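This report walks a new reader through one protein chain. Please look over the sequence and the model shown here before reading on.

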Amino acid sequence: MQNNPYLSGNYAPVKDELEMRNLKIIGEIPKDLTGIYMRNDPNPAFTPISYTYPLDFVFHFANAYENDNEIIIDYVRHETGDFFVKDIDEREMFPMLYRTIININSGTIKHTQLDDRVVEFPRIKEDYDTLSHQFIYTTTRTTDMAASQGFNAIIKYDVKNKSSQIHEFGQHAQVGEPVFALGSTQQSEDGGYLMLFVYDAISEQSEFVILDAKNFGDLPLARIKMPRRVPSGFHGSWMPGEWVW
Ligand SMILES: [Fe+2]
């Protein structure tokens, strides 16, 4: 760290958490101003570790966590990122679920392909961000890629037991990212709901679908008919609680 001018001297990370009062003030703080100013910036208390290795291309990571001297990273790997610079036939793109394990003592890296199906938009129950997770939810295709206009199913991966379940919405369906929503009564990792938009290219109608994440293969708990087609999107979030607009 001492060799890095941006991490030493007056630029060194602050390791102490302090509560300080009676700081010198020039001028006057407005009397009607109360609150907390949050700075959200890096404070690298440890020397950053970097590894260079051919990863090809990743849009979306599912999660990453530490386990003893290892960092486990689950993500969707694309064979190439060249689609940013040249036209590539979609059929040449086969993004799949991978796990990379970095041993932070030895620096060794191991990549494992977890499945050979085309997937994207990996999500987990967000309570498990940076913690050891068991379940990952992704979109996938069950039809021939050339005949498909997108994903038509979602997968629930159990990465601890190396198993998976698929929930298919029909040959002509186009599904979006499955977003995990926590109900008020569920505690387990797959206790909760998956929500996604499903468009049917034959009826040209969209539905907002709610699945029971634990009973993933069951019929949807609810299919909410949208008044018109909802365009395909990328990401969504569930905001729990009552919201007044
Ligand atoms: Fe994205």
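In this predicted model, 4 strands form an open sheet whose order is β1-β2-β3-β4, and the pairing between them is antiparallel. The edges of this sheet are taken by β1, residues 57–67, and β4, residues 109–113; each of these has a single partner strand, so one side of each is left without a neighbour in the sheet. From one strand to the next, the twist averages 20°.

The pairing at one of these edges can be followed residue by residue. Strand β1 is joined to β2, which covers residues 70–78, by 8 bridges, and the two run antiparallel. Along this pair, Val-58 has Arg-77 in β2 as its bridge partner, while Ala-64 stands opposite Ile-73 in β2. The hairpin that β1 and β2 make has 2 residues between the strands, and in this hairpin Asp-68 takes a positive phi near 55°. As general background, strands of a sheet pair through backbone hydrogen bonds, in either a parallel or an antiparallel manner.

Seen as a whole, the chain has a secondary structure of 0 helices and 13 strands. Its C-alpha atoms fill a box of roughly 70 × 50 × 40 Å when this is taken along the principal axes. The radius of gyration of the chain is 23 Å, whereas a compact globule of 245 residues would have one near 18 Å. Of the 245 residues in the chain, 22% are buried. When contacts between residues at least 6 apart in sequence are considered, 42% of them join residues at least 24 apart.

Where does the largest nonpolar core draw its residues from? This core has 29 residues, and those with the most contacts inside it are Ile-136, Val-175, Leu-194, Leu-196 and Val-198. The elements that each give two or more residues to this core are β2 together with the strands set out in the table.

| Strand | Residues |
|---|---|
| β6 | 135–140 |
| β7 | 153–158 |
| β9 | 173–175 |
| β11 | 193–200 |
| β12 | 205–212 |

The largest share of the core, 7 residues, comes from β11. Val-175 gives a closer view of the surroundings of one core residue: leaving aside its neighbours within four places in sequence, Val-175 is in contact with Thr-139, Phe-151, Asn-152, Ala-153, Ile-154, Phe-169, Leu-196 and Val-198. Two of these partners, Leu-196 and Val-198, are themselves listed among the residues with the most contacts inside the core.

Two further residues deserve attention for their backbone angles. Phe-121 has a positive phi of about 55° although it is not a glycine, and this residue lies in strand β5, which covers residues 119–123. Thr-130, also a residue other than glycine, has a positive phi near 65°, and Thr-130 lies in the loop between β5 and β6.

Is each of these two residues buried or exposed? Phe-121 has 24 other C-beta atoms within 10 Å and is therefore buried, the cut-off for a buried residue being 20 or more. Thr-130, by contrast, has 9 other C-beta atoms within 10 Å and is therefore exposed, since an exposed residue is one with 12 or fewer.

How values were computed
Residues numbered from 1 in each chain as written. Predicted model: local features only at pLDDT ≥ 70, side-chain atom pairs only at ≥ 80, totals over all residues. Pairing = 2+ DSSP bridges. Axes fitted to C-alpha atoms, helices over the stretch in contact; angles between N-to-C directions. Core = buried A, V, L, I, M, F, W, Y, C linked by C-beta atoms within 7 Å. Contact = placed C-beta atoms within 7 Å. Rg over C-alpha atoms; globule rule 2.2 N^0.38 Å.
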